[in-house]
Every structure is written in structure tokens, then in C-alpha cells.
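Trainee: I have this one open for the first time. Can you walk me through it?
Mentor: Yes, go ahead and ask.

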Amino acid sequence: MTALSPLLKQATPVTIDHALGTEIFDVDGNRHLDFTAGIGVVSTGHCHPKVVAAAQEQVGKLIHGQYTTVMHQPLLALVDKLQGVLPSHLDSLFFANSGSEALEASLRLSRQATGRPNVIVFHGGFHGRTVATATMTTSGTRFSAGFSPLMGGVHVAPFPTAYRYGWSEEEATAFALKELDYILATLTSPQETAAFIVEPVLGEGGYIPGNTAFFQGLRERADRHGILLVMDEVQTGFGRTGKMFGHEHFDVQPDIITLAKGIASGFPISGIAASEELMSKAWPGSQGGTYGGNAVACAAAVATLEVIEEEGLVANSAERGTQLLEGTKAAAVDGIGDVRGLGLLVGSEFTAADGTPDTARAQAAQQLAAKKGLLLLTCGAHMNVVRMIPPLVVTAEQVDEALEIWGKVL
Ligand code: PLP
């Protein structure tokens, strides 16, 4: 009998019948509070009526019009919408389907634009599962185990993870930037380095926010050496952190932003944004794909951006994020070494008495929460961080309900 691959091991025992907003209803009629949001994808909540209507209408008009063959209206409407929320200097867009493809696109563009082979990524970063993006991923060895050789030309510098180093944020940042200078002086020269590729908040790496001094240090070095600064906003974009884009917290201007996840409330679409001058350095034929910028996904993305604006979801993310972070900190018990986050990205790191990651307790807590009707995920190199990433429409009452369950779990 044909069956699903054993690799598709579910983090929770739930089989969904239908879902609305922050709630999932399973095939046995049970209600679950969804603090996973399809891994940060359903930004406007499950099946937001406006997104559903836009997609349904588009399906009846045009499903697919391959964008290097014919242009279509939903894609032009999406470009228009995105120009209203992106930093004004990033005035050129290209679309693909997944976060990994967006990262691949940013890598190709960085190499083409600079003529340089290497990139520097940061410890704990997650950028995808294709061979190139798995090479750039250091948030766990499992993402590239067993299929080496990986891509060459990737160097890894520290990300300021104060908790793990047992330092202050300032000390961790000074160390990270010093190590970056060391790498640029020894392992790859500035003249060989096309880009720094970095997340504003380490996502899969354990919900660790960066900081202003660190990102400004990257910007300064990028400017000095003609290196591009690529901000991977796949997980942090579209209001997730309490601002429209994560980098806005840190007073820094990226050269390229990658976009995916929250952009279309669950329809697969991704993209990169750069200046037109930079984007024009991409070689004809080197960017593209059959399905990129799918018409239904574009229509859903336009509706998503409208809902984010009309319902004030960026502000809600900031407010509910503060409520969730404070409540999670208050709930922490012995064995939780750190609670941190930004906006609606909140993580509790489980640490054993000897300071090592406590994966078993994190997994047990996540499983127990699922039994009590609260769906959560884990992340971090050792999957020892329990993370909360609800839809941006989550209400104060739902945050309270989740915190009450979390308290009982702990
Ligand atoms: N970049 C970041 C920051 C991510 O969080 C992810 C996915 O979690 C990706 C890239 C890869 O996206 P996808 O799984 O859509 O390929």
C-alpha cells in the first residue's frame, strides 16, 4: 500500500478538518489553539474571509500565467502593494514560490552583482533545505546531514547570542563583530565576499533577536568593502515581529530582502526585493521558474497585505507579542534557562542543570501542550526551544488562554 514518507513525522497528533483564525478543528471535532500558524505562514489567521474571497475569485479568472511568458494583473497589483510597505530604495521585485528559492535568488544576485564567489552567514541561521541554502544553514546539523559535499564558498561568523555565551548583549556583539573581522582578514577576503546573509531574528535557530549595534556593524563593514547586506525576512516579514519587517527594529538598510511565509496567508509565494540598479545586474535567464508569482497566490498576497493594514495587525503583533513574552517569562520554571523573542516570535529555551540543551523536556512540554489543546513547535539546534508563533490576528483572550495552558504544562 502506498503511504506517506516516514520522514513526514508530525510534531502534533492533529489531523485538521477545518480552521479559522487562530483555531484549528480536528477530524474528531476537537478545538486546538494554533500557536504554530503553519510555521509562521497564516499571518491573517486561517481562512480569513477576505483572503478566501480573493483567491476564490482569482481561481475563476486565471490560475496560472507564467510571468516570463505573459504578465497578469494580480502580480502587478502585488508589486504595487509591496511598494507601499517596503523600504523605498528596494524598488524592484522578483517572485518565486518558497523561502529557500528566495534565498537562492538572493545568493545568485549577490554573486552576479559583485562578481565575488563567497558569502558569510551567521551561526544559528536557517535559510532553507536546497543544497545551497542548506550549506548556508547552521541552525542544526540535521538540515545537511548525509548529502555532502555541500556548496563551497560559505563562511560562518558568530551571531550575538548573549545567553549561550553567558555574556551581556554588548559583549556578545563585540565578539561577533571581532570574529567577523577575523574571518574577513583570514578565511575570505572582502574582495572575494559577495554578501552577508543574516536573519533579523534567528528563527529556526531559537528565536534570538539581533541588535542595533550588530546590524549597524554589518552595514558599516558592507559599505566599507562593497559587500551586500541580505536580510532574510522569510520568517520575520509582514508584521511578525511587531514592525512590518524585522530589520526596522535595528535602524539598518539592507541591500536585498527575502520575502515568503506571512506574505500570502498560506499560498506559496516568495520573493526578493532590491534596488532596480542591483536587480538589473542579474543575468537574463538566471532568475525565474515555472510557478513563480502564481496568479492565485498573488491575489491572496494582495488581500493579505490589505487585511494586515485594515485590521492593524502589525500593531496587534507588537501588543500581543509583549503580552505573550511577558506572560511566558512569568510562567518560566526551573529548567527554562531563557525566554526571549520579538513581536509574535516567543521562545522558551529548556536547559539542563549542567547548562546543556534539554531536548527531552522541551519535546515533552510541546507534546503535553498539544494534549491540552495548545499547538506549539520546537526550534533551536537541539530542538530544545519551545516556540510560540500564533497568527497575527490572535486576540488578548487567546493569548491568556494559551498562557494558562502553558502554565499548567510547566
Ligand atoms: N529563511 C528563513 C529565515 C526561514 O525561516 C525559512 C523557513 O523556515 C526559510 C528561509 C526557508 O523557507 P522554505 O521552507 O519556504 O523553503
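Trainee: Which helix gives the largest share of the shell around the ligand?
Mentor: Helix α4 (residues 99–114) does, with three residues; helices here are DSSP runs (H or I, at least four residues) and strands are too (E, at least two), numbered from the N terminus. This is a predicted model: local features need pLDDT of at least 70, side-chain atom pairs count only at pLDDT 80 or more, and totals for chains, interfaces and linings use all residues. Residues are numbered from 1 along each chain as its sequence is written.

Trainee: How many residues surround the ligand, and which are the closest?
Mentor: The ligand is surrounded by 15 residues, the closest being Ser98, Gly99, Ser100, Val234 and Gln235. A residue counts as near if its C-beta atom, placed from the backbone, lies within 6 Å.

Trainee: New topic. How do α3 and α10 cross?
Mentor: The axes of α3 (residues 73–83) and α10 (residues 295–310) come within 8 Å and cross at roughly 30°. Axes are lines fitted to C-alpha atoms, for helices over the stretch in contact, and angles run from 0 to 180 degrees between N-to-C directions.

Trainee: Roughly parallel or roughly antiparallel?
Mentor: α3 and α10 are roughly parallel to each other, the term for angles under 35 degrees (over 145 is roughly antiparallel, 65 to 115 roughly perpendicular, the rest oblique).

Trainee: And what about domains?
Mentor: The domain assignment, automatic or from a database, gives domain 1 (16–48 + 312–409) and domain 2 (52–310). Their C-alpha centres lie 24 Å apart.
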